[in-house]
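Subject: The structure, and what turned up in it

Hi,

Here is the structure I said I would pass along. Please have a look at it first, and then read on for my notes.

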Amino acid sequence: MVELKGILLLVIRFLFASLIFLSFFREGNAGITSTFIRAEWPSVDIPLDNEVFSIPKGHNAPQQVHITQGDYDGKAVIISWVTADEPGSSKVQYGTSEEKYGFTAEGTVTKYTFYKYNSGYIHHCLVDGLEYDTKYYYKIGSGDSSRKFWFQTPPKIDPNASYKFGIIGDLGQTFNSLSTLEHYIQSGGQTVLFLGDLSYADRYQYNDVGIRWDSWGRFVERSAAYQPWIWTAGNHEIDYMPYMGEVVPFKSFLHRYPTPYAASKSTNPLWYSIRRASAHIIVLSSYSAFVKYTPQWMWLGEELERVDRGKTPWLVVLMHVPFYNSNEAHFMEGESMRSVFEEWFVRYKVDVVLAGHVHAYERSHRISNIRYNVSSGERYPVPDKSAPIYLTVGDGGNQEGLAGKFRDPQPDYSAFREASYGHSTLEIMNRTHALYHWNRNDDGKKVPIDSMILHNQYWASNRRRRKLKKQTLMRLVGETAAY
């Protein structure tokens, strides 16, 4: 009965969202291409003296505070921050009551140089052994310069655990970026799945690169200090600048934004996985070797085997470069990785693949192109019930602007596409259903535009549904008898 009510609620919410579609859409042969034309702020970075980049008051006060999941199952966080003047303390005080910090954890401190820029002192502290579904308060820094925040741990790993993820990509630090961030904060999302391209600091030169990494850290603190952001690396994190003598890829990103890669038996922080509530999240690196026999290829094959859909039914993959993209921008850039991994995604029934990179929004149907090879097979993507839905959410608001030119005609695999800034949410309701929304930033207002109800790939089969209904019925009979 409870499950039926949940499904009915989903249907009502979906029908309500559908009414929001207005008359500015045109139908293609396959899907919808929105003809909406936005008129909003220009795509230029916010000036450094703006209040959104303000430095906390006090000597050596912690700044650029952010957290991410610190283990495989959601009972730990990594808390990171920067002190500008001196190392100071790397200790985190935390507890379940405000102003009462009954526990402490000791972190590490590091720093780096980039050209002639010297970073602040970068602190990372693992706080583990946490209880599920609990609000924790934490304090970092010393004396009058200390700062206080909080975070909420997820529910325990359970197939019916409900949870709401935010989805943001290619954010940058423009006024459009600020609109996206503020709208997401209002959405009720509990954890951000970030799809790469953070600060766009590589659009600058020399010392300004490091300065814009710092400003972005202060910019996203309003959300990232209070809930985990799950990091994916994009091309703007590579920071390969030989003319400045900087040739180590991902140098700034890896110093500033840790990931719990070792917990999922990965050997590299750029690809890893976590389990959270009822979801198994896999993060891949579009800009690391991924062909057969490479470390990322070997790790992904092993990790997909470890996924237990009985415990975490929702299987979600994050990457930066999309496999399916009908925009002229970055067209077919994901083709090489698609040819390697798509067959696995179909075999293991991945629910959703999330990507950024293209500065627009696009949603696919469930399709695959795994029958093609160089000598025979299908030439085009075909409908495939075992395939994931591919979502491109690279519209966070960065200074490069929107990718406004879609290919015409709209390909059959494309269900909806629009070149506007925005963010998405994925709200898991139970093991069988989830509600997805894409929200446009329309003149500073959040406008829900694209919605769908997702049916879980693993539990979608008739055999598993019948087994689940039988188990539910037996449980209800048992509860009635006990009553």
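Below are some notes on one helix and on the internal cavities.

Please keep in mind that this is a predicted model.

Let me start with helix α3, which covers residues 207-224. With 18 residues at 1.5 Å a residue, α3 should span 26 Å, and its end C-alpha atoms are 25 Å apart, so the two values agree. The helix does have a kink of about 25°, centred on Arg-218. Is α3 mostly covered or mostly open? It is mostly covered, with 14 of its 18 residues buried.

Now for the empty space inside. Two cavities of 30 Å³ or more were counted.

The largest cavity has a volume of about 50 Å³. Its lining is made up of Gln-64, His-66, Ser-80, Trp-81, Val-82, Ile-122, His-124, Arg-256 and Tyr-257. Strands β3 (63-69), β4 (77-83) and β10 (121-127) each supply at least two of these residues, and β4 gives the most, with three. By class, the lining has four nonpolar residues, four polar and one charged.

The second largest cavity comes to about 30 Å³. Around it you will find Pro-322, Phe-323, Tyr-324, Val-353, Ala-355, Tyr-390, Leu-391 and Thr-392. Two elements, β19 (352-355) and β23 (389-393), give two or more residues to this lining, with the largest share, three residues, coming from β23. Here seven residues are nonpolar, one is polar and none is charged.

Happy browsing, and best wishes!

Definitions and conventions: Residues numbered from 1 in each chain as written. Predicted model: local features only at pLDDT ≥ 70, side-chain atom pairs only at ≥ 80, totals over all residues. Heavy atoms only, no water. Helix = DSSP H or I, 4+ residues; strand = E, 2+ residues; numbered from the N terminus. Expected span 1.5 Å × (residues − 1). Bend = angle between axes of the 7 residues up to and from the residue. Buried < 20%, exposed > 50% of the residue type's maximum accessible area, 1.4 Å probe, protein only. 1 Å grid on protein atoms, 1.4 Å probe; cavity = no way out; pocket = protein on both sides within 12 Å on 5 of 7 lines; lining within 4 Å. Points joined across faces, edges and corners; volume = space filled by probe spheres on them. Nonpolar A, V, L, I, M, F, W, Y, C, P; charged D, E, K, R; others polar.
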